[in-house]
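Q: Could you take one part of this structure and look at it closely, and then follow the picture outwards into the rest of the chain? I would like to see which side chains are enclosed, which charged groups pair, and where the backbone does something that deserves a second look.

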Amino acid sequence: MREFDYQRAHDVSGALALLGADPEARFLGGGTNLVDLMKTGVERPARLVDVRELPLDGIEATEDGGLRIGATVTNSDLAAHAEVRRRYPALAQAVLAGASGQLRNMATVGGNLLQRTRCGYFADVTRPCNKRDPGSGCPAIEGEHHNHAILGASSHCVATHPSDMGVALAAFDAVVTYETPHGPGRSPLADFYLPVGDTPHLENALPPGALITGVTLPPTPVAAHSRYRKVRERASYAFAIGSVAAALDVRGGVVRDVRLAFGAVASRPWRAHAAERVLTGAPADAATFAAAADAELAAAKPLPHNTYKVTLMRNLVVAVLSELASEPPATSVPTSKSSEEATR
């Protein structure tokens with residue numbers, strides 16, 4: 001590991017100044033991904049700017065009835081928050097599925113958004129990797145790729161994004177907020193992660209030197225009746241080989257509203273828009289759910305050793321949507337800050 005300086009920031013402007021003073025500096029949240037990559041030599045920052053003590057650790061209702069989640073909120077606190085569990089249960093479930101309790105106690109929302117792929121070639125500095133060393137190649141295409149992408153990949157990279165939390169955030173149209181030396185900014189999660197194309201080393205649209213300050217979830221009544229399901233290769237905590245975040249509103253046997261996102265199948269959390277279009281206004285039955293999954297997975301381009309993911313994801317979509325359709329709808333949630341405060 002390269003030697004590095006360590007400084008602790010106490011306010012956002014101070015954190016931005018510290019990072020701006022050193023082009024090789026990096027922000028440090030919980031460190032559950034960054035420190036691992038530093039140990040293997042993938043990341044080699046000259047300075048770490050600790051942002052854990054910034055006043056960004058709150059979860060609060062927005063004026064329109066959504067939720068604002070601070071960037072330094074820990075995964076444990078996010079999953080345990082009563083309003084998250086009530087309004088967006090799939091998000092709480094996704095976070096709980098994401099790691100061990102010890103890691104959730106350290107990991108932060110901002111850091112979770114920025115975590116990097118767990119592709120073995122990316123983590124091994126003795127091997128080529130376009131994401132780590134642009135232009136060096138992608139050995140996963142011809143090598144070990146059983147847990148790699150089937151959607152949205154390219155001939156330059158077939159790695160997947162590891163976040164469980166990000167899948168649920170994608171389903172619920174989350175917006176990432178950030179601060180730069182020139183002022184605040186925001187990016188819908190749908191635009192935050194960049195397509196792989198021929199530049200897999202460019203992973204997100206965060207401006208250089210920017211600090212993520214939080215995530216905003218818009219009011220989404222259907223999210224109260226939602227679920228996150230993760231398939232992994234062992235029962236103890238592990239990264240997904242496929243996952244689904246789904247929310248469903250069924251009235252009179254017909255799908256009135258739906259949200260659907262996939263995990264572990266692409267370089268970013270994958271919003272299943274094609275499937276949602278098939279589902280909306282259609283009968284809430286297994287045949288429709290299968291047709292919706294097929295519509296989304298028609299674009300899949302699996303490699304020889306991960307073709308199983310197409311069948312896995314199809315079955316997962318049908319199972320999760322069938323379970324939601326068979327259950328009574330969730331109790332309605334507040335749609336304004338004032339009604340939210342009345343419940344406290």
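A: The cover over the buried residues of helix 1 includes strand 1 (5–8), strand 2 (25–28), strand 3 (47–50), strand 6 (175–180) and strand 8 (211–217). This description rests on a predicted model, and everything that follows should be read in that light. The residues of helix 1 (residues 12–20) that are buried are Val12, Ala15, Leu16, Leu18 and Leu19. Viewed down the helix axis, these buried residues fall within an arc of 160 degrees, and so they line one face of helix 1. The face turned away from that buried side carries Ser13 and Gly20, which are exposed.

Two of the strands that help to cover helix 1, strand 6 and strand 8, also belong to an open sheet of five strands, which runs in the order 4-5-8-6-7 with antiparallel pairing. Strand 4 and strand 7 (183–188) are the edge strands of this sheet, since each of them pairs on one side only. From one strand to the next, the twist averages 25 degrees. Within the sheet, strand 5 (residues 67–70) pairs with strand 8 in the antiparallel sense over four bridges, and Ile69 stands opposite Val215 in strand 8.

Strand 1, another element of the cover over helix 1, leads to the charged pairs. Side chains of opposite charge can pair when their charged atoms come close. A search of the whole structure finds 20 salt bridges. One of them joins the side chains of Arg8 and Glu53, at 3.3 Å from N to O. This pair links distant parts of the chain, with Arg8 in strand 1 and Glu53 in the loop between strand 3 and strand 4 (59–61), 45 residues apart. Both partners are partly exposed, Arg8 with a relative accessible area of 41% and Glu53 with a relative accessibility of 44%.

A local pair is that of Glu83 and Arg86, whose closest N and O atoms are 2.8 Å apart. Both residues lie in helix 4 (residues 82–87), three residues apart, about one turn of the helix. Arg86, at 32% relative accessibility, counts as partly exposed, whereas Glu83 has a relative accessible area of 11% and counts as buried because that value is under 20%.

The salt bridge of Asp173 with Arg259 has its closest N and O atoms 3.8 Å apart. Here too distant parts of the chain are linked, since Asp173 sits in the loop between helix 9 (165–171) and strand 6, while Arg259 is in strand 11 (residues 254–263), 86 residues apart. Asp173 is partly exposed, with a relative accessible area of 37%, and Arg259 is buried, with a relative accessible area of 17%. Elsewhere, salt bridges that share partners join Arg26, Glu43, Arg116, Lys131 and Glu203 into one network.

Asp173 also deserves attention for its backbone, which has a positive phi of about 60 degrees although the residue is not a glycine. Most residues other than glycine have a negative phi. Ala264 likewise has a positive phi, of about 65 degrees, without being a glycine. The place of Ala264 is in the loop between strand 11 and strand 12, and Ala264 is buried, with a relative accessible area of 7%.

Strand 11 and strand 12 (270–271) appear again around helix 12, whose buried residues pack against both of these strands as well as strand 10 (242–251), helix 11 (273–279) and helix 13 (308–326). Helix 12 (residues 286–297) has twelve residues and reaches 16 Å from its first C-alpha to its last, close to the 16 Å expected at 1.5 Å a residue. Its buried residues are Thr288, Phe289, Ala290, Ala292, Ala293, Glu296 and Leu297.

A last stop is Pro128, found in the loop between helix 8 (120–123) and helix 9. At 32% relative accessibility Pro128 counts as partly exposed, and, leaving aside neighbours within four places in sequence, Pro128 is in contact with Tyr121, Ser136, Gly137 and Pro139. Pro128 and Asp50 are 78 residues apart in sequence, and their C-alpha atoms are 31 Å apart in space.

Methods:
Residues numbered from 1 in each chain as written. Predicted model: local features only at pLDDT ≥ 70, side-chain atom pairs only at ≥ 80, totals over all residues. Heavy atoms only, no water. Buried < 20%, exposed > 50% of the residue type's maximum accessible area, 1.4 Å probe, protein only. Arc of directions from axis to C-beta. Contact = heavy atoms within 4.5 Å. Salt bridge = Lys/Arg side-chain N within 4 Å of Asp/Glu carboxyl O. Pairing = 2+ DSSP bridges. Axes fitted to C-alpha atoms, helices over the stretch in contact; angles between N-to-C directions. Expected span 1.5 Å × (residues − 1).
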